[in-house]
Amino acid sequence: MHKLENMKLDAIIVGTGPGGATVAKELAKRGKQVLMLEWGPGGPVKGNIIQYFFQQCFPGKGMLITNNFLGMVRGITTGGSSLFYYGTCFPVPHDMLKKYGIDVRREEEEARRELPIATLKDEMVTPMAQRIMESAQALGYAWTPLQKFMYQDRWRPGMKFGYYGDKHRVKWSARMHAEEAVAMGAVLLNKARVSNIILDGNRATGVEFKMKGRSYKAFAPKVIVAAGGIGSPVILRKMGLKNVGYNFFYDPLITVCGKVDDVRKRIDEIPMTAGVHFPEDGIVMTDMAIPTLIDKAFTAQVLRFWRLFETRKTLRIMIKVRDDLAGRLTDSGGVRKKLTQADRDKLMKGYDIAKRILEKAGAKGIYKTWYLAAHPGGTVKMGEFLDANLKVKNYENLFVCDCSVIPEPWGLPPALTLVCLGKRLAKHLAGEKTGANAAAPSKAKPAKNKRKKAGRR
Ligand SMILES: Cc1cc2nc3c(=O)[nH]c(=O)nc-3n(C[C@H](O)[C@H](O)[C@H](O)COP(=O)(O)OP(=O)(O)OC[C@H]3O[C@@H](n4cnc5c(N)ncnc54)[C@H](O)[C@@H]3O)c2cc1C
């Protein structure tokens, strides 16, 4: 903490997922002194199952079970869920954002220039994914390659995909933005869990957090809450904003799989290389290679024990749907949300399509796995709780920037959109114009450590 005590902060950012880490990087680039407080650990990415378990699947922390017995995972680590995500880049919902006065077309252009976003080169599309794509196309579906956040030049045949974190740094994650922020002078404190916002009247002046069992306070003229779709509303409720954390989405999904005898899953299979989106129905479907252990867990979950040893022969399709806004979070972040009949109907519609595609691909013994969810959001909606600059209404100097701000059901993976919102917020905080006609961002200027303003209680 001694470093902090000698700093005068410009902003505190809570959480380092794609939303928070992007704001941090962009502010640091503009010479602002930033403190990132991250509940999860940092340290080297090992890419092993133990690290994955503790940072993404630890019950009650990374792994949350809803009252519908639906498993929901989130990354509690530097980079947030993006450390373990599948690196697929879906388009930004510009029409939706426009309704709330937000234009991030320019930020999208910047992000696309800076990040490694592209469809995969041919040698990275492995036989399982290829088989599914050919079969879907033969049935007339517009099943096309998807864009991925991957440094493809770092990829080599035989390299495992970073499901458990990518030690080869092929997959882009928000941890890279957090690292860049630190390289430009930002401070990152890990295992620092923020519990509340410090207010002076209706003005945010800092945060309270716990680290290694001790309580601290940190102060800054701007506070950005970016603790994710579940984490942010928990903090804001504690502050007194009691109505956040209701009527949200979590993008439920199932996978559908079947056995083929003439193709073997390769060790370097990449998930979500190609797929199809039915925007009217709110259904997205992709190929979904998963590692052996997760495959066995999915299989055991639906009691198909005799299928446990077919991993290498399994063709798998993921169906994710745009769910209805519903449910509530408890004050500690417990998720109370049941699938509606409409949500189930969409999943079943996807299941029927997936079944046809797998049958066409020659798969036998087709079955579906249990429900999961991966993108909780819409818990602190723009428009309702936030203005067009993502400032919390009726509060000064307090902002939110993560998946919780998404105002409507959407049903698509959000990482690129969150990066764009993070860029836009950083420009706003730095006093720059935002929107398509704004001037180009100011040149990078590394932050210098300034004087004292934060300390231990
Ligand atoms: C298995 C899986 C696959 C996915 N695949 C894709 C994909 O292919 N493409 C895509 O676009 N999206 C994907 N996603 C979703 C994507 O990763 C998330 O939507 C995205 O990371 C959300 O970003 P965020 O900024 O909202 O917050 P998060 O990534 O949730 O980060 C929030 C951070 O805040 C920290 N935090 C929480 N509470 C506190 C607190 N009190 N104090 C301090 N820190 C706190 C957390 O530890 C975390 O680091 C996937 C998700 C999963 C789980």
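1. In what order do the three strands of the open sheet with β5, β6 and β8 lie, and is their pairing parallel or antiparallel? In this predicted model, the order is β5-β8-β6, and the pairing is antiparallel. The edges are formed by β5 (88-89) and β6 (117-119), each of which pairs on one side only. Between β6 and strand β8 (residues 147-149), which run antiparallel, there are three bridges. Thr119 has Gln147 in β8 as its bridge partner.

2. Another open sheet of three strands follows the order β14-β19-β20, with antiparallel pairing. Its edge strands are β14 (246-248) and β20 (335-336), and each pairs on one side only. Strand β19 (residues 326-329) is joined to β20 by two bridges, the two strands running antiparallel. Arg328 finds its bridge partner in β20 at Arg336.

3. Parallel pairing is found between β1 and strand β2 (residues 34-37), over four bridges. Within that pairing, Ile12 is placed opposite Leu35 of β2. In a regular strand, side chains alternate between the two faces of the sheet. Strand β1 (residues 11-14) has Ala11 and Ile13 pointing one way and Ile12 and Val14 pointing the other way; all are buried.

4. The largest nonpolar core comprises 132 residues, and Ile12, Val14, Ala24 and Met36 have the most contacts inside it. The element that gives the most to this core is helix α11 (residues 415-429), with nine residues. At least three residues of the core come from each of domain 1 and domain 2. For Ile12, neighbours within four places in sequence set aside, the contacts are Leu35, Leu37, Gly206, Val207, Ala218, Ala220 and Val223. Leu35 is thus named twice for Ile12, as a contact and as the residue opposite in β2.

5. The domain assignment divides the protein into domain 1 (1-42 + 79-115 + 172-244 + 378-457) and domain 2 (60-76 + 118-163 + 250-374). Taken over C-alpha atoms, the centres of domain 1 and domain 2 are separated by 30 Å. The contact involves 27 residues from domain 1 and 25 residues from domain 2. On the side of domain 1 that touches domain 2, β5 and α8 are the elements giving two or more residues. Of these, α8 gives the most, with six residues.

6. The ligand is surrounded by 41 residues, the closest being Gly15, Gly17, Gly80, Gly228 and Gly231. At least two residues of this shell are supplied by each of α2 (18-29), β10 (192-200), α8 (228-239) and α11. The largest share, four residues, comes from α8. Helix α8 therefore deserves a joint reading: α8 contributes to the shell around the ligand and also to the side of domain 1 that touches domain 2.7. In helix α3 (residues 49-57), the buried residues are Gln51, Tyr52, Gln55, Gln56 and Cys57. Seen down the axis of α3, they fall within an arc of 160°, so they line one face of the helix. The cover over the buried residues of α3 includes β3 (63-65) and β4 (71-73).

Note on methods
Residues numbered from 1 in each chain as written. Predicted model: local features only at pLDDT ≥ 70, side-chain atom pairs only at ≥ 80, totals over all residues. Pairing = 2+ DSSP bridges. Core = buried A, V, L, I, M, F, W, Y, C linked by C-beta atoms within 7 Å. Buried ≥ 20, exposed ≤ 12 C-beta atoms within 10 Å, placed from the backbone. Domains from an automatic or database assignment. Contact = placed C-beta atoms within 7 Å. Arc of directions from axis to C-beta. Near = placed C-beta within 6 Å.
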